[in-house]
Amino acid sequence: MVVTTIYVTRHAFRASYTLNTTTGEYHTNSPSPTNIPSDPPLAAYGVQQSHELAIELAQLDPPVDYLYSSPFYRCLQTLEPAVEQLRPGIKVRAENGIGEWYGVANFDHPSPAAPAFLKSLFLSSFDDTYQASLIPPPAGETVSQLHDRVAVALAHIIASVDAESTTKDTSVLICTHAATLIAIGRTLTGNMPDDPNVDDFLAPTAGITKFVRKQNPKVDVSKPSGREMAKSIEPVDWRDGKGIAGGWTCVLNGNCDHLTGGAERSWHFSGEETFNDLEPGQKIVSAKADKVLSLSGQVYRMARKSRI
């Protein structure tokens with residue numbers, strides 16, 4: 001059985017935070033339960049959006065079978081009302097590979113909270129047995145590196161669920177961030193625009209984008225699952241229309257009909273987000289990064305449960 005549908009949503013309206021680009025220090029006036037300044041909770045309006053989103057997610061056809069989320073609090077909080085309305089026993093898998101995008105910097109950006117701590121916040125809805133595919137470098141990424149990182153994570157998610165699912169038409173829901181959502185759309189379809197700043201995949205808060213698989217390949221159960229593949233991750237050739245796992249078609253793009261306020265706070269790339277004088281594509285190695293996988297000149301770390 002294979003994944004035939006992928007739904008993607010951006011987290012709901014969050015509280016704000018600021019960054020001192022000189023010191024690399026983040027600050028927020030809305031403290032997060034994770035105690036990470038760049039990991040704020042949803043604003044009150046975002047909580048309302050999350051409940052409206054949950055009602056819509058419960059009515060999706062085909063229904064959601066698997067939940068994947070960025071490990072940042074605002075994404076997990078966005079999914080919390082939905083977990084209660086989806087199939088019994090469904091849990092959220094926190095995948096660092098679909099986490100937030102930070103631009104290249106000469107300091108380390110904050111990492112999300114550890115799975116064990118997130119489990120204490122979200123209790124039965126959080127799958128603390130899941131091991132993420134890779135960890136983005138703390139010193140940030142270029143736009144190209146973000147896309148390649150997302151491609152690796154998606155390939156692992158799809159392979160894992162393909163091997164694990166027992167239903168005929170399996171659906172996955174991903175909750176992520178604006179930049180990552182756009183990268184998901186481009187890597188799944190294989191369509192990377194010449195100008196990354198174009199508005200191709202829409203990213204309003206709590207909107208819904210839907211992708212349908214072009215092919216339904218037979219799964220070779222003798223091949224390693226997505227989690228096992230994480231031990232030897234490789235770059236994914238997704239550009240020039242290839243896409244991931246046979247390619248995907250976008251049939252719904254940033255729909256917000258379920259939200260009282262409609263589409264809000266959409267976002268698009270506006271060039272590289274850099275915080276130092278390094279050239280785009282130049283190799284950045286944080287003091288905290290272990291060399292494992294090189295994507296477009298960047299170094300990524302394989303996820304190890306004790307270090308996520």
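## Close-up views of a predicted model

Of the 308 residues of the protein, 56% count as buried. The model is predicted, and the legends below walk through it one close-up at a time.

**Figure 1. The whole chain combines six helices with 11 strands.** Before zooming in, here is how the chain meets itself. Take the contacts between residues at least 6 apart in sequence: 83% of them join residues at least 24 apart.

**Figure 2. The largest nonpolar core has 37 residues.** Ile6, Tyr68, Val172, Ile174, Ile184 and Leu188 are the residues with the most contacts inside this core. Two or more core residues come from each of β1 (2–10), β4 (66–69), α4 (143–164), β7 (169–176) and α5 (178–189). Helix α4 gives the largest share, 11 residues. A second, separate core has 30 residues, with Val64, Leu76, Leu173 and Leu259 among them.

**Figure 3. Ile174 is one of the residues with the most contacts inside the largest core.** Leaving aside residues up to four places away in sequence, Ile174 touches Ile6, Tyr7, Val8 and Thr9, along with Tyr68, Ile98, Leu154 and Ile184. Of these partners, Ile6, Tyr68 and Ile184 are also listed among the residues with the most contacts inside that core.

**Figure 4. Helix α2 is largely enclosed by the rest of the structure, because 10 of its 11 residues are buried.** The buried residues are Tyr73, Arg74, Cys75, Leu76, Gln77, Thr78, Leu79, Pro81, Ala82 and Val83. What surrounds them? These residues pack against α1, β4, β5 (92–94), α3 and β7. Leu76 also belongs to the second core, the one with 30 residues.

**Figure 5. Helices α2 and α3 cross at roughly 35°.** Two packed helices are described by the angle between their axes and the distance between the axes. Here the axes of α2 (residues 73–83) and α3 (residues 115–122) come within 12 Å, and the crossing is right-handed. On the α2 side, look for Tyr73, Leu76, Gln77 and Glu80; they meet Leu118, Leu121 and Phe122 of α3. By type, the residues of this contact are five nonpolar, one polar and one charged. The spacing along α2 is easier to read with a general point in mind: an α-helix has 3.6 residues a turn, so residues three or four places apart point the same way.

**Figure 6. Ser38 is buried in the loop between β3 (25–27) and α1 (44–57).** Its relative accessibility is 0%. Setting aside residues up to four places away in sequence, Ser38 touches Tyr17, Tyr26, Arg74, Tyr102 and Pro110. One of these partners, Arg74, is a buried residue of α2.

**Figure 7. Asn29 and Asn35 sit in the loop between β3 and α1.** Are these two residues buried or exposed? Asn29 is exposed, with a relative accessible area of 69%, and Asn35 is exposed as well, at 65%. From Asn29 to Thr18, the C-alpha distance is 9.3 Å, across 11 residues of sequence. Asn35 has a positive phi of about 65° although it is not a glycine.

**Figure 8. Ala206 and Pro62 show two backbone features worth a look.** Most residues other than glycine have a negative phi, and most peptide bonds are trans. Ala206 has a positive phi, near 60°. Ala206 lies in the loop between α5 and β8 (208–213) and is buried, with a relative accessible area of 0%. Pro62, in the loop between α1 and β4, is joined to Asp61 by a cis peptide bond with omega of about 5°.

**Figure 9. Thr167 lies in the loop between α4 and β7.** With a relative accessible area of 32%, Thr167 is partly exposed. Thr167 touches Met1 and Asp65, not counting residues up to four places away in sequence. Thr167 and Asp65 are 102 residues apart along the chain, yet their C-alpha atoms are separated by 8.9 Å.

**Figure 10. Cys250 and Cys256 belong to a structure with zero disulfides.** A disulfide is a covalent bond between the sulfur atoms of two cysteines. Cys250 counts as partly exposed because its relative accessibility is 26%. Cys256, at 7%, falls under the 20% cut-off and therefore counts as buried.

Definitions and conventions: Residues are numbered from 1 along each chain as its sequence is written. This is a predicted model: local features need pLDDT of at least 70, side-chain atom pairs count only at pLDDT 80 or more; totals for chains, interfaces and linings use all residues. Side-chain values use heavy atoms; hydrogens and water are left out. A disulfide is a pair of cysteine sulfur atoms within 2.5 Å. Buried means under 20% relative accessible area, exposed over 50%, partly exposed in between (1.4 Å probe, protein chains only). A nonpolar core is a set of buried Ala, Val, Leu, Ile, Met, Phe, Trp, Tyr and Cys residues joined through side-chain atoms within 4.5 Å. Helices (H or I, at least four residues) and strands (E, at least two) are DSSP runs, numbered from the N terminus. Contact means heavy atoms within 4.5 Å. Axes are lines fitted to C-alpha atoms, for helices over the stretch in contact, and angles run from 0 to 180 degrees between N-to-C directions. A crossing is left-handed if the near helix is turned anticlockwise from the far one by less than a right angle, and right-handed if clockwise. Ala, Val, Leu, Ile, Met, Phe, Trp, Tyr, Cys and Pro count as nonpolar, Asp, Glu, Lys and Arg as charged, and the others, Gly among them, as polar.
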